[in-house]
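Colleague: Hey, got a minute to walk me through this one? I'm new to reading structures, so keep it simple.

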Amino acid sequence: MSLLHIDNLRIGPGRAAPIVEELTLSVERGETVGLVGESGCGKSLTALSIMGLLPENLRVREGRIRLEGQEIQSLPQRRLRHLRGEKMGMIFQEPLTALNPVMSIGSQITEVLRTHRGLSQRAARDRALDLLTLVKIPDAEARLDDYPHQMSGGMRQRVVIAIALACSPSLLIADEPTTALDVTVQAQILRLLKQLQREENLGLLFITHDLGVVRQVADRIVVMYAGSVVEEGRVDAVLDAPRHPYTAGLIAARPQGSFAAGTPRLADIAGSVPAPDARPDGCVFRARCPRAHPRCAAERPALDRAASGRAVRCHFPLTEGETA
Amino acid sequence: MRGALSLLGRLARHPSGLVGLVLIVIIVAMSALAGFLYPDGPWTMAGPPRLWPGADPRFPLGTDTFGRDLIPALFYGARVSLLVGVSAAAAALVIGTVVGAVAGYWGGWVDDALMRLTDAFQTVPNFLLSIAIVGIIGASLPVITFAIAIVAWPMIARLVRADVLRLRTYDFVQSCKIIGMSDLRIVFQQILPNCLAPIIVTASVLVANSIIVEASLAFLGLGDPNVMSWGTILNIGRQELRNGWYLTAVPAVALVLTVMSLNLIGDALNDVLNPRLKERK
């Protein structure tokens, strides 16, 4: 039984076009899954739907989300509240707004513990101290009474992680947790997350648009485009030999890490992600695809799963060594 | 508690805050000491009627038409003014905050319903509504307090709603949901402390406003006949305006000073509680 299993998920407003469709995804215990895609492809919505926190106008229209075999969408609010924090935690992109500006970080951490564990003030404070030490905040004792504005972005993100981990959840969702941080701090936070994940045997769903980050932290990668999965597989396998032209395009569009003359200009993928109500029939990527074929317009490709765990949604996938 | 004390300290370092604090301390002391200094109460006829201030050293502020000393009247009046002002403001604050927070956080039809109710209250001229309520139910301190609070809460409700609307989109609210906190706790324990600054500032103005309304009601003869308020003296003075204007002037000065001190405190609080101004210094 997977820790998290999402099956054929479809999220959308009432009758209008769905924003996420045919999304199938699973995360095992102790595994990191990198969920990648351009802005607006539905990554964050997927995360919110797992948490049961979709905005009011959106709803899960079809499909199932199971956490440890238990279906989440059908749970009453009370049970769901209990699951959040206790079984799953989430980290946001912006550590600046993710903490309450008028409460000390100590009380924000103890809050979770008192909500779920019913710990006494003292016990909760001790555990908060442990957590701050766990996320490597120096001089944790003195920091407990600090307010968020007294800390740097990286430190705040560590506090956010500490809060997410307070009740030792089994699933952690990180929605672009390092995007707002500078590069050196980003590396520290990633290393910390990775280490915590190993120690706590967490299932980590890591949402990002940065392929470099995915390569560093993830075991498996799931590439989303316009609301559905286009490619999936082991990180090294997918990034070394992408099969979907979109994945190949994303990889080609990465900066090469050099300012030297002669470094090729950044490649880009022509066009932009179509809006949910403007998605074409057939393959949604075909308008931007260098390999588009009349069949792509006629027939929507299915996600083709191979035994190796590799999956691709394309009529004409790239083969080994080929470039888009 | 520590927060309240440090706020008081910061207020005392602000020039207009200091003036306001000193004045309000004097007025509070007056109301606290009224019973101790003048155990006979404000109603005793102690001397000749219509004595001008300064005419008799026993009555430095003079006496009214019944020969009642104006000084105890002022002291006891401070009690009533403060009591009505603070309790009406507190009631308005509680109603307004709850309505505003609920409307702002839950939105949808709850918001619509509560805001239309707020609009309804705001379309009626405030003072007229207070007069009508006191006129119909009868003039007693609780009714007067209620009549003042019932017209004052919509302003607070709008203020709080606007702030909650802004704050609920913050990630920390989402984080609270994610750690499994209930909506009620999120609103009242996490969001509300963030809008405390404007609420506190408005509260001081609200107290001042309530004191004025109470005095105005008493001036029109709608005050509680069993208590001596500054408005009561005004009401007595109204009939004597031509030949004894001091009867109106004495309580009026007390009112002006009280309201001014509260407004000064409000201004100072606004500066002190504004984090951006604090950093600039």
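**Domains, a helix and a sheet**

Modeller: Sure. Keep in mind that this is a predicted model. The domain assignment of chain A gives domain 1 (4–87 + 169–312) and domain 2 (96–168).

Colleague: How many Å separate the centres of domain 1 and domain 2 of chain A?

Modeller: Going by C-alpha atoms, the centres are 29 Å apart. Where the two touch, domain 1 of chain A puts in 14 residues and domain 2 of chain A puts in 13.

Colleague: Which helix gives the largest share of domain 1's side?

Modeller: That's helix 7 of chain A, with seven residues. Helix 2 of chain A also supplies at least two. By class, that side of domain 1 has 10 nonpolar, two polar and two charged residues.

Colleague: OK, switching to helix 3 of chain A. How many residues has it got?

Modeller: Helix 3 of chain A covers residues 105–117, so to speak a run of 13 residues. From first C-alpha to last it reaches 18 Å, close to the 18 Å expected at 1.5 Å a residue.

Colleague: And is helix 3 mostly covered or mostly open?

Modeller: Mostly covered: 10 of its 13 residues are buried. Among them are Ile105(A), Ile109(A), Val112(A) and Leu113(A), and Glu111(A) and His116(A) are buried too.

Colleague: What covers them?

Modeller: The cover includes helix 2 (77–86), helix 4 (121–134), helix 5 (140–143) and helix 6 (153–165) of chain A. One more detail: just after helix 3, Gly118(A) takes a positive phi of about 60°.

Colleague: What about chain B, how many residues are in its contact with chain A?

Modeller: Chain B gives 14 residues and chain A gives 21. On chain A's side, helix 2, strand 6 (88–91) and helix 3 each give two or more residues. Helix 2 of chain A has the largest share there, five residues. By class, chain A's side has 10 nonpolar, seven polar and four charged residues.

Colleague: Last topic, the sheet. What's the strand order?

Modeller: It's an open sheet of eight strands in chain A, ordered 6-7-8-3-9-10-12-11, with mixed pairing. The edge strands are strand 6 and strand 11 (304–305) of chain A, and each pairs on one side only.

Colleague: How do strand 10 and strand 12 run, parallel or antiparallel?

Modeller: Antiparallel: two bridges join strand 10 (residues 228–234) to strand 12 (residues 311–312) of chain A. As for partners, Glu231(A) is bridged to Val312(A) in strand 12.

Terms used. Residues are numbered from 1 along each chain as its sequence is written. Chains are lettered from A and ligands numbered from 1 in the order in which they are written. This is a predicted model: local features need pLDDT of at least 70, side-chain atom pairs count only at pLDDT 80 or more; totals for chains, interfaces and linings use all residues. Helices (H or I, at least four residues) and strands (E, at least two) are DSSP runs, numbered from the N terminus. The expected span of a helix is 1.5 Å times one less than its number of residues. A residue is buried if 20 or more other C-beta atoms lie within 10 Å of its own, exposed if 12 or fewer, and partly exposed in between; C-beta atoms are placed from the backbone. Two residues are in contact if their C-beta atoms, placed from the backbone, lie within 7 Å. Domain bounds come from an automatic or database domain assignment. Ala, Val, Leu, Ile, Met, Phe, Trp, Tyr, Cys and Pro count as nonpolar, Asp, Glu, Lys and Arg as charged, and the others, Gly among them, as polar. Two strands pair if DSSP finds at least two bridges between them.
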